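Please open the model in a viewer and keep the sequence panel at hand. The stops below are arranged as a sequence of selections.

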Amino acid sequence: MASEEHNRTTLRAVLLAAIMALSMVAMGAAGFAGTAVADGSEVGEIEVDTAENLIAAAAGDEVDGEVVEEDGTITVTEDIEVTDADDGDPNVQILVDGVTLTGETDDVEISGLDADDEISSGTGGFIKVGEEGEESVTDGVTISDLTLTFEDDPDSGTGDPVIRILDPGVTVDNVDATKRSHGGNFDQVVNIEEDGNGAVIENSVLQSGGELALDGQGGDSGETGVGANAIITDQVGDATIDDNTLRAEAFQDDGIHVFGGSDTEIVNTDFEDGDQLGEDGAYVTGVDEEDLDDILENNDNTFDPDAVVVDDSIVVEPAEGEVLNLDTGERFDSGTAIQDAINEADGDHTLLVGPGTYEESIIDVKGLTLESVEDADTTEIVLDEEGSAATVTVDADGVTVDGFTVTRQNGEAFSQGISVDDSDNVVIENNILNEEGDNSGDDINTQAILVTTEDSSSDDVTVEDNNVSDFGEGVALSTQSDNPIADVTVEDNTFSGVGIGVKVSNTDDSETSIDGTIENNDITDNEFGVYVIGTDEDARIDGGLDYEPVNVDDLSLTDNNIESNDEGVVNNGANELTATSNWWGEATGPSDEGSGDGDSVSENVDFAPWLVEAGGDDIDPSLEIFLTDDSDDNQFNSVDQVEIGIDAVGAGTDDGFVEAFDFNLILEDDDETVETFTVDDIDDIVEGLNLGEEVDELDDGDYTLTIEPTESVYDGLDAFDDDVLEDDVSFGIEEPTETTGTGTTGTSSADPATSETQTTTVSDARSGEAGVTVTTGQSSVSAITFSDEDASGTVSVAEFDDVPADSPQLDADRPTFGVTEVTVPDDQRDQSATLEFTVDADALEDADTDADDVVVLRAPEDAEEFETLDTSAETNGDTVTVTAETPGFSLFVVSSADEVEADDDADADEDDEPDAEPTDDESDEADETEDGIPGFGVVVALVSLIATALLVTRRRRNG
């Protein structure tokens, strides 16, 4: 029995040791550090569910035996209605440094006051941070995750804010605050006062009057609504208002009012219901003008409705039928609102015009800008009566008319849409001008825009981005009384369906001048595109005026689209009109005095060079002959070996200018013409032409090829007469000589690995895509895309049957599917490009290679080994397209990623090899984990220990 007792004792000891060890293992999974678990409580954290506890905790008083300390938290757990103390102190005053007032969830609401409560007017605040009249007592206070509702007494409303900030570093985050006001001064949702530097109001909804506010000094007692949402006084250095929604049932004053222009950042904020702003109310006011522009345009704020800057405020833009003076803030909404606003404006004012239809206007205020708030499609100025008056008359310097539909109805001769008389520094832009009524589009002398001189000159007048139709004349530049027009600009306009797109004339007794530019206009589908009138006999209309020649020596007509007019440009002025670099509707240029097929041009017009497409480049073609089968010294065995190409480059070559004319290739020997043959389609020769097909067998000797036009298409085109044809090309033909030791005949022995060489002119085959793509038609390199958009010249592709001996070599077992050497112009040799190779799918299958395993290898010059390029492959039926990115050009090989794998027997032999002994690290790791269980090896050892103990006990019992 003693022995059995001893055995039991021993067993118990072993089991106890094992259990302790297992416990240690379990603890070891988490480590032995930290044997105690924190209880989760934080000193100073207080939960409150009554108004009294909330007020006490916020003031730093004891609640349930605890006092919230610095960086502590007051968590509201119930809806609380806070009533004011008898002495008129604020409802909830936070006097604890760094405290956070938060709700347990987002829907915890704190509401008050009762209808019977009264507090001191303008001195309180539903929640106030800091002590009024004292230096800062708190820092870093946060109010978050609360719904706050504060309603003044209906009979004695005080205007106290929902949140009043008196100390620095306060954050209001994710708060839904509503101020239901019944009148009183200082009605705000949030009031940031003098020491509230660094305050942050974010992620919150602030509303009043049943719906908005952030500033303001509100309305009279008994009125509903509030002034605004936040006051930033001139004592506040900075504050941030970020990602909020400001919502109002009625603004009596402003959304955000910043006193003193303090550094306040307003970003990502939605200003809603802005149409409820009071007459003088603003979304934002009191901010420096530069900062206002950022708030309006750059800070991701939104305004409903749209807003504009007026002086130091952001206000609602003018409504339909309303005109707003952006310098004074005055608004006009009568039936003649534009003219009323002009009459009240001083110099340099801007009048912003809301959408709608308005009566005629005479602008006689210097420096005035008349601008539509939307655009010409929605804002119209109309003169609906017969007569010769203009709808809009500009009779002062520095005037801008921007963004209107200007309509002239039932106009008589010499009536206008917009007339600029004797005025300097005038801009007429972004307008739509049309004429309606019985006379629209007739040959009467009506002008959409007239720039004229009567009592003085008109200088620096700009007419741009206007759309003109139906008038007798689009823009008329007309000098009178010996007063010139100087520095006029007519650009980026559209003139369509009018009698004359642009008319230039002089009605003075003597010659006067018109200086300036007419450029980048669309002048299409008119009776005349541009007309320079010389005398009254020459004029196309009888306007009752005596026309005299006008000096246009300093007037230029450039970069315009002059197309589909009955007549293009007519000049009967005193001197030649410069009309170069225009598009005439055809790449061959203008007709009549020109040799092309485009709109006509008269005498006395300099029209060359012209554009080869609308908005394109000037004509600048270049034809260059090159040898596509070039030898090292340009020496060939026979004429059949000589293949030539012509490279047509420069503007005009793609769209028909060069192709429009035939030219001759002249073959000369010792300055004597041997053969001349005509090329009537440059596309036939750009890809290469065998000279032997065009001429008979040539004797040995030296030859020269030159190009000449077959007709005088370049006559008068001095801009490129001498430059269009490049240097000649020379070559020689000599009898082949015997080469000993090879059994072949010729001047040299070709590399037996070479199978084919082809040269191609660089010409973009994939217009609209990035880079310049050349297609070769070969199977090895089927396409080359140069990254350089200006790539030009020729490309040679040589295909080899095998990797040349002087290049790096591949392993014997590694298959090749293409060996190619690409030669490009010197300036492209080290430029990046994309190569496309075409590989037979059967070849890949025979080599037991998948398309995904194909790579392109490159052997840079003098390299000892290949580099592998970034490669992709796509199977297309019987072929595989292989694409590779290369940093330059040299020899390329299409191969498999690796050599062919060894036989299966070799794999079997490898499988018979004994398993390697585990490393020490692997053994340790096995002890550490097994099936994801930490310490599994230790557990196994302990189980073995228990088993051993049981075995020992059994043996002793049996013994």
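**First selection: T785 and its surroundings**

Select T785 together with the residues it touches beyond its neighbours within four places in sequence: R766, A770, G771, V772, T773, A833 and T834. The coordinates are those of a predicted model. T785 belongs to strand β68, which spans residues 781-786. Display the side chains of T785 and T773, and a polar contact of 2.8 Å will be found between them. Is T785 buried or exposed? Its relative accessible area is 15%, and the cut-off for a buried residue is under 20%, so T785 counts as buried.

**Second selection: F786 and F889**

Remain in strand β68 and select F786, then add F889, which lies in the loop between β75 (879-886) and β76 (891-896). The two rings form an aromatic pair with 5.7 Å from centre to centre and 45 degrees between the planes, an arrangement classed as tilted. Because F786 is in the strand and F889 is in that loop, the pair ties together parts that are 103 residues apart in sequence. Both F786 and F889 are buried.

**Third selection: the rings of F271, Y283 and F303**

The structure contains 8 aromatic pairs. Another of them is formed by Y283 and F303, with ring centres 4.9 Å apart. How are the planes of these two rings arranged? They stand at 65 degrees, so the pair is edge-to-face. Y283 is in strand β20 (residues 282-285) and F303 in strand β21 (residues 302-303), and the pair thus links parts of the chain 20 residues apart. Y283 and F303 are both buried. Add F271 to the selection: ring pairs join F271, Y283 and F303 into a cluster.

**Fourth selection: two cis peptide bonds**

Next, select D304 and P305, which are joined by a cis peptide bond with omega about 0 degrees. P305 is located in the loop between β21 and β22 (307-310). Then move to A608 and P609, where a cis peptide bond is again present, with omega about 0 degrees. P609 occupies the loop between β55 (605-606) and β56 (622-627). Such sites merit a stop because most peptide bonds are trans, and most residues other than glycine have a negative phi.

**Fifth selection: D145 and D487**

The second part of that statement leads to two aspartates. Select D145 in strand β8 (residues 142-151). D145 has a positive phi of about 55 degrees, although it is not a glycine. Its relative accessible area is 24%, and D145 is therefore partly exposed. Now select D487, which is placed in strand β42 (residues 485-491). Phi of D487 is likewise positive, near 55 degrees. With a relative accessibility of 45%, D487 counts as partly exposed.

**Final view: the whole chain**

Clear the selection and display the entire protein chain as a cartoon, in which 9 helices and 78 strands may be traced. How much of the chain is buried? Of its 959 residues, 48% count as buried. Among contacts with a separation of 6 or more, 72% are between residues 24 or more positions apart. Finally, switch to a surface display: the chain exposes about 44,600 Å², of which carbon and sulfur atoms supply 38%.

How values were computed. Residues numbered from 1 in each chain as written. Predicted model: local features only at pLDDT ≥ 70, side-chain atom pairs only at ≥ 80, totals over all residues. Heavy atoms only, no water. Helix = DSSP H or I, 4+ residues; strand = E, 2+ residues; numbered from the N terminus. Buried < 20%, exposed > 50% of the residue type's maximum accessible area, 1.4 Å probe, protein only. Polar contact = N/O pair within 3.5 Å; in protein donor to acceptor, adjacent residues only side chain to side chain. Contact = heavy atoms within 4.5 Å. Phe/Tyr/Trp six-rings, centres within 6.5 Å; stacked < 30°, edge-to-face > 60°. Areas by Shrake-Rupley, 256 points an atom, 1.4 Å probe, with all protein chains shown as cover.
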